[in-house]
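Here are three short exercises to help you find your way around a new structure. Try each task yourself before reading its solution.

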Amino acid sequence: MELTESAEILKLIIEGTNAGIWDWDFETGEVYWSENFYGLLGYVQGEIPAKIETFYDLIHPEDKVLLAKALNAHLKHKDPYRVEVRLRTKENGYKYFECTGKAVFENGKPVRMAGCNADINERKLLENRLSQSEYLLSEAGRLARMGGWEFDLGSQRNIWSKTVYDIYELPYDADLSFTNPYSYFLPPYDEMLKKAVEDTVSKGIIWDLELQMLTEKGKVIWVRSYGEPVFDSAGNVAKLRGVFMDVEKYKTSEIALNHSIELITQNNLQLKNFTHILSHNIRNHANNIAMLTSFIDSDSLEEENADLFQRIEKVSQGLNSTLDDLAEAIKVQDIEVISDNIVFEDIINGVVEVLELDLEASGATINKDLWTEKVLFPRLYLESIIMNLVTNAIKYRKPDVPPVITLRTYTDGNDCVVLECQDNGLGIDLEIHGKKIFGLYKTFHEGKDSHGVGLFLTKTQIESQGGHISVDSEPNVGTTFKVVFKAKG
């Protein structure tokens with residue numbers, strides 16, 4: 001009666017632990033599997049034969065050698081038999097089991113062995129997920145050069161992740177009981193970090209600092225140190241915990257960027273001063289021309305000279321108008337170029353008027369094919385762009401061939417306004433000059449009165465407003481410049 005009760009109690013205990021028992025008689029070869037042994041694999045008792053060959057067939061191929069080694073070590077050397085393997089279920093999936101057992105020996109020879117297979121599938125899957133997450137977190141920290149750390153104020157014990165060791169360039173088994181933990185940091189950052197830590201301990205505040213340090217191997221780098229307090233149940237700071245990051249690459253780039261910004265600011269200031277001086281000096285010459293023309297009585301001139309004089313007056317007026325616009329643009333310290341809805345035809349007519357003498361002298365024809373009437377753009381810039389493109393078309397014409405210049409506007413598929421200037425001039429060999437065509441002081445035709453500034457300024461003006469310019473050209477055929485203005489926001 002007591003034996004039966006003990007067996008029932010043992011059965012309840014085993015079933016409560018989610019395990020199945022087994023028994024193997026080495027002398028007879030008989031094997032016993034409990035009802036729960038079958039059930040954990042999805043079978044009913046007796047559905048598959050209880051044999052050693054059946055059990056080995058259920059083991060995952062990658063785990064067969066592992067179990068065989070553990071079993072042989074137990075039977076030959078009496079090592080503890082405990083091994084984790086995957087067993088195939090009735091649904092052809094695999095579950096993790098912890099297999100344990102113990103053999104009975106007679107005269108040094110094993111005669112029987114019994115044990116249990118405990119279902120550890122949920123625990124093992126959780127461990128695998130945690131292991132994978134830990135790996136991803138570790139890899140992310142390694143790639144980002146960012147690690148975690150913790151310092152126990154009571155035990156004075158430091159805990160670092162591997163990446164922190166890597167940043168310090170210390171071996172993973174290095175002694176972290178520093179006499180002076182701030183010795184790796186260069187002045188004044190050592191005192192800065194020391195004060196931050198003291199404030200955190202005494203006032204419970206967080207620190208976040210960028211510091212320069214000297215690694216164990218003598219490398220000077222920028223790091224970011226973040227730390228926060230961890231309080232005990234009494235509300236006292238018990239630990240410090242935080243993140244340590246190598247920001248050398250980013251900090252170096254930031255310093256270089258700031259230096260570039262300073263240079264650009266300085267260059268802009270010099271350019272602004274130069275613009276003021278240039279505008280002032282040109283204004284003097286323009287005023288002198290205007291004053292001289294005012295002294296002339298056009299009524300007393302011969303017809304040919306009177307016509308020439310009127311054209312000089314137009315050029316003088318155009319020059320003064322341009323200088324007025326320039327003066328308006330630079331009258332404040334920070335230049336802000338305002339965009340307006342500009343009518344293309346108005347600007348083109350103004351340019352044609354200014355270039356009237358050059359157009360007549362060269363026999364040029366200007367065709368206007370304006371499918372789009374307006375564009376949102378600074379007036380001063382648009383005048384300069386069209387002036388430069390038309391002037392180039394006149395300047396680089398074929399000998400004895402009157403230039404034909406077509407100014408075309410339209411809106412492309414991206415809702416961007418496009419201006420094209422097409423001519424029948426000398427053209428440009430883009431294979432030779434294509435990469436430097438918009439460079440400063442770059443010229444492409446010998447014997448021409450060119451300085452290589454116009455196209456550079458044109459590109460700069462267009463790109464400053466979010467647009468771009470391109471060129472299509474063939475020697476002795478002609479050139480087409482295509483200006484694409486920024487799309488409407």
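Two strands count as paired if DSSP finds at least two bridges between them. Keep in mind that you are looking at a predicted model.

**Exercise 1.** Work out which strands form the edges of the open sheet.

*Solution.* Start with the strand order, which is β2-β1-β5-β4-β3, five strands with antiparallel pairing. Next, look for strands that pair on one side only: these are β2 (31-33) and β3 (81-88), the edge strands. From one strand to the next, the twist averages 25°. Now zoom in on β3, which runs antiparallel to β4 (residues 94-106) and is joined to that strand by eight bridges. To see one residue pair, find L87, whose bridge partner in β4 is K95.

**Exercise 2.** Explain why C99 and C116 do not form a disulfide.

*Solution.* First recall that a disulfide is a covalent bond between the sulfur atoms of two cysteines. The cut-off used here is 2.5 Å between the sulfur atoms. The cysteine sulfur closest to that of C116 belongs to C99 and is 8.5 Å away, so the two are too far apart for a bond. In fact, the structure holds zero disulfides. As for their surroundings, C99 is buried at 1% relative accessible area, while C116 is partly exposed at 24%.

**Exercise 3.** Find which helix gives the largest share of the nonpolar surface patch.

*Solution.* List the members: I289, L308, I312, V315, L319 and L357 make a patch of about 430 Å². Then check the helices: α9 (residues 303-329) supplies four residues, the largest share. L308 lies in α9, and its relative accessibility of 42% makes this leucine partly exposed.

Notes: Residues numbered from 1 in each chain as written. Predicted model: local features only at pLDDT ≥ 70, side-chain atom pairs only at ≥ 80, totals over all residues. Heavy atoms only, no water. Patch = residues over 30% accessible without salt bridge, like charges linked within 9 Å, V, L, I, M, F, W, Y side chains within 5 Å. Areas by Shrake-Rupley, 256 points an atom, 1.4 Å probe, with all protein chains shown as cover. Salt bridge = Lys/Arg side-chain N within 4 Å of Asp/Glu carboxyl O. Helix = DSSP H or I, 4+ residues; strand = E, 2+ residues; numbered from the N terminus. Buried < 20%, exposed > 50% of the residue type's maximum accessible area, 1.4 Å probe, protein only. Axes fitted to C-alpha atoms, helices over the stretch in contact; angles between N-to-C directions.
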